[in-house]
Amino acid sequence: MREDDILCCGGCGCYGMAGEFFTTEACSSPCQSRIVQKNREKEKKERELAVQKQRREARKREKEAKEALEKQQEQELRRQQRQQQQQMEDDDDQEAEQQQQNAKPRLPYDSPHPWLDVDKGFSWSRYLECTNSRAAPSKLFHEAYPTAKNTFRVGMKLEAIDPEHPALICVGSVVQVQGKHSSSIINNAFVYI
Ligand SMILES: [Zn+2]
């Protein structure tokens, strides 16, 4: 740098020749001190800004992490709810299947008396189903729902019409009493009275 180069003082802003300046930045010692002071303040401010920026970023990261965690928890909750729902549906299915398995096996259609329930004995609805019959309406009966006690006992003998040979009157044996109904056996054929 030459002595007659024109410089600008960073402390007071005046212009002067390089030879007359205290340093290349300042025209005098006080201006140099002012520049140093200014630089210190500038650096301090920059440091403060940097700290604030770091804090802002830290808060932002914290918020993002919290949101991500909440989202994850929500997803996990939904997944668990879906799983529970699925489990309940599976349980229902299993229960239905179990009930089906627990249901007493019906006698096959080709058995001699497929309308006999394994536990309950004679099943009217099954009888209608197996014989492809329709029940006569109850209004046709004088006493559709008899209230008198069924006094038949198993082993009693009674006079009965042979269902396969209606002209024949035979002796039948009561083999089952169920509510108001009795069933008897004639020549090994079941008759329901
Ligand atoms: Zn100056």
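A residue is buried if 20 or more other C-beta atoms lie within 10 Å of its own, and exposed if 12 or fewer do. The exercises below use this rule on a predicted model.

**Exercise 1. Describe the protein chain as a whole: what share of its residues is buried, and what pattern does its secondary structure follow?**

Solution.
Step 1. The protein chain has 193 residues, and buried ones make up 7% of them.
Step 2. Its secondary structure consists of two helices and eight strands.
Step 3. In sequence order, these elements give β-β-α-β-β-α-β-β-β-β.
Step 4. Take the contacts between residues at least 6 apart in sequence: 21% of these join residues at least 24 apart.

**Exercise 2. Find where confidence in the protein chain is lowest and where it is highest.**

Solution.
Step 1. Start with the average: the mean pLDDT is 85, and 88% of the residues reach 70 or more.
Step 2. Confidence is highest in strand 1 (residues 6-8), at a mean of 95.
Step 3. Confidence is lowest in strand 8 (residues 189-192), where the mean is 56.
Step 4. Where pLDDT is low, predicted coordinates should not be read in detail.

**Exercise 3. Name the residues of the largest nonpolar core, then list what Cys9 touches.**

Solution.
Step 1. The largest nonpolar core is made of five residues, namely Cys9, Phe21, Ala26, Cys27 and Cys31.
Step 2. Leave out residues up to four places away in sequence; Cys9 then touches Cys14, Gly16, Ala26, Cys27 and Cys31.
Step 3. Compare the lists: Ala26, Cys27 and Cys31 are core members and are also touched by Cys9.

**Exercise 4. Is Asp4 buried or exposed, and which residues does it touch?**

Solution.
Step 1. Asp4 sits in the segment before strand 1.
Step 2. Asp4 has 9 C-beta neighbours inside 10 Å, so it counts as exposed.
Step 3. Beyond four places in sequence, Asp4 touches Met17 and Gly19.
Step 4. Glu20 is 16 residues from Asp4 along the chain, and their C-alpha atoms are separated by 8.9 Å.

**Exercise 5. Place Val118 and Ser125 in the chain, and classify each as buried or exposed.**

Solution.
Step 1. Val118 belongs to the loop between strand 3 (116-117) and strand 4 (121-122).
Step 2. Val118 counts as exposed because it has 10 C-beta neighbours inside 10 Å.
Step 3. Between the C-alpha atoms of Val118 and Arg106, 12 residues apart along the chain, the separation is 6.9 Å.
Step 4. Ser125 is part of helix 2 (residues 124-130).
Step 5. Ser125 also has 10 C-beta neighbours inside 10 Å and therefore counts as exposed.
Step 6. The C-alpha atoms of Ser125 and Trp115 are 8.0 Å apart, with their positions 10 residues apart along the chain.

**Exercise 6. What is the sign of phi in Asn132, and where does this residue lie?**

Solution.
Step 1. Most residues other than glycine have a negative phi.
Step 2. In Asn132, phi is near 55°, a positive value.
Step 3. Asn132 lies in the loop between helix 2 and strand 5 (157-161).
Step 4. Asn132 is exposed, since 6 other C-beta atoms lie within 10 Å.

Terms used. Residues numbered from 1 in each chain as written. Predicted model: local features only at pLDDT ≥ 70, side-chain atom pairs only at ≥ 80, totals over all residues. Helix = DSSP H or I, 4+ residues; strand = E, 2+ residues; numbered from the N terminus. Contact = placed C-beta atoms within 7 Å. pLDDT = per-residue confidence, 0-100. Core = buried A, V, L, I, M, F, W, Y, C linked by C-beta atoms within 7 Å.
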